[in-house]
Amino acid sequence: RDVLRRDPHQELFHADVRGALRSIAPVLVEHPEYTDVVGRLCEPERVIVFRVPWTDDHGRVRVNRGFRVQFNSALGPYKGGLRFAPTVDLDVVKFLGFEQVFKNALTGQDIGGGKGGADVDPKELSTGELMRFCQSFATELAQHVGATIDVPAGDMGVGPREIGWIYGQYQRLVGHHEPGAFTGKPAVLGGSALRPEATGFGAVYFTQRMLAEQGKDLDGARVVVSGSGNVALFAMEKVIAAGGTVVGCSDSRGSVSEPDGVDVDLLREIKGQRGSVADYAEKRSGATSGSDSAFLLECDVALPCATQNEIGTDEARALVDHGCWVVAEGANGPVRPEAREVLRAAGVGFGPGKAVNSGGVAVSALEMQQNAGRERWTAEDVDTRLQQIMSDAYDRVRDAGERYHGDPADLENGANAAGFLRVAEAMTSLGVV
Ligand code: NDP
């Protein structure tokens, strides 16, 4: 009630809190000592909202709004990405920050949860403008972050290049090297091998465990992956390596159907030149583009890897009608609550984002570890650890689903329950702080 009263218009955040509380209720029956943790868990420790002034290529001064929500530091430094997108507001950042607290707990790493970003569309900025924007953003952010305080990474619209610029400005301001203050850096600045791939690869590793539970695998499976950004492209790559066919994908401007399989290298090249999936389809004789959701296509596995609220009831019903086995959220919150009900009622496996896409932040924690020890691990080494982390996260989530909700396939409630248990134990151990 306090959450709803304090910020009445934060619908995404409220929906997420409601869902988490439903999952947590049976845990409190077994652990009544964690009851007082709930109210504190729903209130961020700190919310920072700031002005980001910058000068465009025509000499005009522009202003955006920056955010950093430091949600929970019970398990370790706040950790979570920075999102640059026009849709970023406090509701979005609080929703993502709340998710991040549970997600980070599920990785088994010692990291708290946070999230940030700005309401800017990086696609509309020239390279010079974007660098100036990042520097202005970092000038304020620098006062609030650090290797043992808060460690931001990338998210939508923020990749290694932008993290490099933000870290560069941070380094100038603090006057020393501190690579552990940011993750997702370019390799030359101490970025971990496999960090760019980690979220997409990890999502596929998690999906493989879900499929194995049903006696199925990706070999020969038809897979739709939405988005064609960082998470989506690496998820596609891993699906194909496992013998699956990516029959459809999308971006913010439309979707593509290609029954014989999307050519990921070509798609990556076109997106790298700021092209669209429609531009991609023009170059492929077997591909057709359109404006409908990619999830209306026939598929066995659906991996929404673009953004929140992509799958509503229409898409969910189409997936059910087409006999889809599994929907696993590579993105944060892509399946609307009502669509999840449709999938659940039809017995379609559902993997929640806080578990499925936790591979990215898990490798970010490995990057912090490498930076602290002045080490560099090989891609193979990081991949082995990532596979183990995703497998352990799957076990944790499945076991909590079974224990607290009577169903090992209830990964959504299981993820909330398992994440809560770890954070609640840490918060209780710290006393009322
Ligand atoms: P990117 O910015 O690299 O890619 C996002 C992709 O989604 C782009 O292709 C974009 O299209 C597309 N997109 C945006 N809006 C829509 C829409 N309404 N319909 C269809 N496609 C759309 O972001 P990431 O790949 O990094 O992130 C994707 C999701 O994964 C986000 O929810 C993010 O929070 C989550 N995530 C990311 C992690 C990471 O390590 N990067 C870690 C954990 C979660 P266009 O190309 O036209 O802009």
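The overall architecture of the chain is described below, followed by its charged residues and salt bridges.

The structure is a predicted model. Its chain contains 16 helices and 12 strands. The radius of gyration is 21 Å, close to the 22 Å given by the globule rule for 433 residues, so the chain is as compact as a globular protein of that length. The C-alpha trace extends over about 60 × 55 × 45 Å along its principal axes. Of the 433 residues, 57% are buried. When contacts between residues at least 6 apart in sequence are considered, 71% of them join residues at least 24 apart. The chain exposes an accessible surface of about 17,600 Å², and carbon and sulfur atoms account for 48% of this area.

With respect to charge, the chain carries 45 positive and 60 negative charges, and the mean positions of these two sets lie 5 Å apart. Side chains of opposite charge can pair when their charged atoms come close. In the present model, the count of salt bridges comes to 29.

One of these salt bridges is formed by Glu43 and Arg6, whose closest N and O atoms are 3.1 Å apart. Glu43 lies in the loop between helix H3 (37-41) and strand S1 (46-55), whereas Arg6 belongs to helix H1 (residues 2-6), so the pair ties together parts that are 37 residues apart in sequence. Both partners are partly exposed: the relative accessible area is 31% for Glu43 and 39% for Arg6.

A salt bridge also joins Asp56 to Arg62, with a distance of 3.1 Å between the closest N and O atoms. Here the partners fall into separate accessibility classes. Asp56, at 3% relative accessibility, is buried because its value lies under the 20% cut-off. Arg62, by contrast, is partly exposed, with a relative accessible area of 34%.

In a further salt bridge, the side chains of Glu237 and Arg268 meet at an N to O distance of 2.7 Å. This pair links distant parts of the chain, since Glu237 is located in helix H8 (residues 230-241) and Arg268 in helix H9 (residues 264-272), with their positions 31 residues apart in sequence numbering. Glu237 is partly exposed, at a relative accessible area of 31%, and Arg268 is likewise partly exposed, at 28%.

Beyond these pairs, salt bridges that share partners connect Arg209, Glu213, Asp395, Arg398 and Asp399 into one network.

Technical notes. Residues are numbered from 1 along each chain as its sequence is written. This is a predicted model: local features need pLDDT of at least 70, side-chain atom pairs count only at pLDDT 80 or more; totals for chains, interfaces and linings use all residues. Side-chain values use heavy atoms; hydrogens and water are left out. Helices (H or I, at least four residues) and strands (E, at least two) are DSSP runs, numbered from the N terminus. The radius of gyration is taken over C-alpha atoms; the globule rule is 2.2 Å times the number of residues to the power 0.38. Buried means under 20% relative accessible area, exposed over 50%, partly exposed in between (1.4 Å probe, protein chains only). Contact means heavy atoms within 4.5 Å. Accessible areas come from the Shrake-Rupley method with a 1.4 Å probe; for residues, only the protein chains shown count as cover. Lys and Arg count as positive and Asp and Glu as negative; His and the chain ends are not counted. The place of a charge is taken as NZ of Lys, CZ of Arg, CG of Asp or CD of Glu. A salt bridge is a side-chain nitrogen of Lys or Arg within 4 Å of a carboxyl oxygen of Asp or Glu.
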